[in-house]
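The following note is offered to a colleague who is meeting this structure for the first time. Please keep the sequence and the model at hand while reading the numbered points.

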2 protein chains.
Amino acid sequence: MKLPGKTVERLSEYRRTLMGCLGEKKNFIFSHDLAARLHITAVQVRRDLMLIGYSSVQRKGYDVKELIEKIGTVIDSDDSMNVAIIGIGNLGRAVAGYFKGKRSKLNLVASFDTDPQKINKVISGVKCYPHNDMEKIMKDLNIRIAIITVPPDYAKDIAEEAVRFGVKGILNFTTIPLNVPSWVFLEEYDMITSIEKVAFFVKENMI
Amino acid sequence: MKLPGKTVERLSEYRRTLMGCLGEKKNFIFSHDLAARLHITAVQVRRDLMLIGYSSVQRKGYDVKELIEKIGTVIDSDDSMNVAIIGIGNLGRAVAGYFKGKRSKLNLVASFDTDPQKINKVISGVKCYPHNDMEKIMKDLNIRIAIITVPPDYAKDIAEEAVRFGVKGILNFTTIPLNVPSWVFLEEYDMITSIEKVAFFVKENMI
DNA sequence: GTGGTATTGTTAATTAATTAACATTGGTGT
DNA sequence: ACACCAATGTTAATTAATTAACAATACCAC
């Protein structure tokens, strides 16, 4: 199913918000309620759901459980996908933390590092393998997604290795923009940029 | 100066890329070269620079040093701005790391936590204060930007406090969307969403 | 049952962002 | 000096994303 990236992002957020609803025993939700929780408009919610072909049966809002499942059929893969974190420093461990207790189609199955203090230990719930074994482990465990949280100087080489070893998607948290072949999906997030952006708009608001 | 958020983000990236150029003794750079390093088009670079009113004197590309300064006059505040990290766990420490060695108008001057093991210690280069002292410290140190890296359950309350204590911009790394008054600039980043987005497009590419 | 209301799904309009097109200009080579 | 080239700055066109508008429909109150 062909969807705009922005819509995919929102679907992920809808799902997590909806799971929160289940927690509070809320089984139906209106578009404007869901929208308000995410600070977007109700139209946008409805439009996104239209794109994935979901309609509510009744005018009592969306069936939370049903919608969660529908979103799952759209954005999740049929069988589960294995993920690795490369570089298990502070950021890597933080990312690993987000996987905890999440039952999903995404399995964090390995981390890699060069620090002898870390390798072969379980850190933040995931085993850390030595960087030297990356080829073997990535192929053996069939890792499809790499999250890169290494120091900037290593980013480029690590990305090339990951691609060579079969990774099909990369989430890059380093400040170095990466170059990957077109068949590898690349998402980059740059913290410094976010911080500077906040600073800019704070400054502008104050003037 | 009124600028689109996307342009501000790119300006921040331009600047960092340009600083890298200085490191490699590259004093002039063409728009297409700068663009290639960031995987965008040369037109976009030129358009962004047009928006901030920069022009190169010669056709030898942009003067790297001059452009860095120009971007600085646009996106930096005149006097420096103080920043705090709330929640100095793995993610907080990772964020703190990004400030190291950066000389900029943004000063990371404090972190806050509730863990007695952490308070009153210097962690990742920044002193950690007890959460209870947040009001005093935030006012004393004139903190304008808060980076929120606490566990999700605390996010809402922490944000409200930060706003009450004078913060004008928030960067929220928790998975809980925050509600802030209109005069506070809010930027949210959700790692899980990014990961799920990568997974979605990997899946789609494989089909 | 009927009228009114609230909410949805969808098309159309608007706005934002990106890309294309191109005239302009300094530099280069002959 | 002159013709050409390479790169820029800017306007116009295109594409993407959001928002507005509204007909359709199930529920509710009576």
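1. In this predicted model, an N or O atom in the side chain of Gln44(B) lies 3.1 Å from a phosphate oxygen of DNA strand C. This is a polar contact, defined as a pair of N or O atoms within 3.5 Å; within protein, one must be able to donate a hydrogen and the other to accept it, and residues adjacent in sequence count only if both atoms are side-chain atoms. A phosphate oxygen of DNA strand C is also 2.8 Å from a polar backbone atom of Ser56(A). A base is reached as well: one of its oxygens is 3.0 Å from an N or O atom in the side chain of Arg47(B). Two or more residues each come to the surface near the strand from helix H2 (31-38) and helix H3 (42-51) of chain A, and from helix H3 (42-51) of chain B. Helices (H or I, at least four residues) and strands (E, at least two) are DSSP runs, numbered from the N terminus.

2. How is the surface near DNA strand C made up? Its residues comprise 6 nonpolar, 8 polar and 6 charged; here Ala, Val, Leu, Ile, Met, Phe, Trp, Tyr, Cys and Pro count as nonpolar, Asp, Glu, Lys and Arg as charged, and the others, Gly among them, as polar. In total, 20 residues surround the strand, and Ser31(A), Arg46(A) and Tyr62(A) are among the closest. A residue is near if one of its heavy atoms lies within 4 Å. Of the strand's atoms within 4 Å of the protein, 61% belong to sugar or phosphate.

3. Helix H3(A) has buried residues (under 20% relative accessible area, with a 1.4 Å probe and protein chains only): Ala42(A), Val45(A), Asp48(A) and Leu49(A). They share one side of H3(A), because they cover an arc of only 130° around the axis, taken from the directions from the helix axis to the C-beta atoms. On the other side, Val43(A) and Met50(A) are exposed, that is, over 50%. Just after H3(A), Gly53(A) has a positive phi of about 70°.

4. Chain B superposes on chain A by a rotation of 180° with 0.0 Å of shift along its axis (RMSD 0.0 Å). The two copies are therefore related as by a two-fold rotation axis. The superposition is by least squares on the C-alpha atoms of residues with pLDDT of at least 70 in both.

5. On conventions, residues are numbered from 1 along each chain as its sequence is written, and chains are lettered from A and ligands numbered from 1 in the order in which they are written. Local features need pLDDT of at least 70, side-chain atom pairs count only at pLDDT 80 or more, and totals for chains, interfaces and linings use all residues, while side-chain values use heavy atoms, with hydrogens and water left out.
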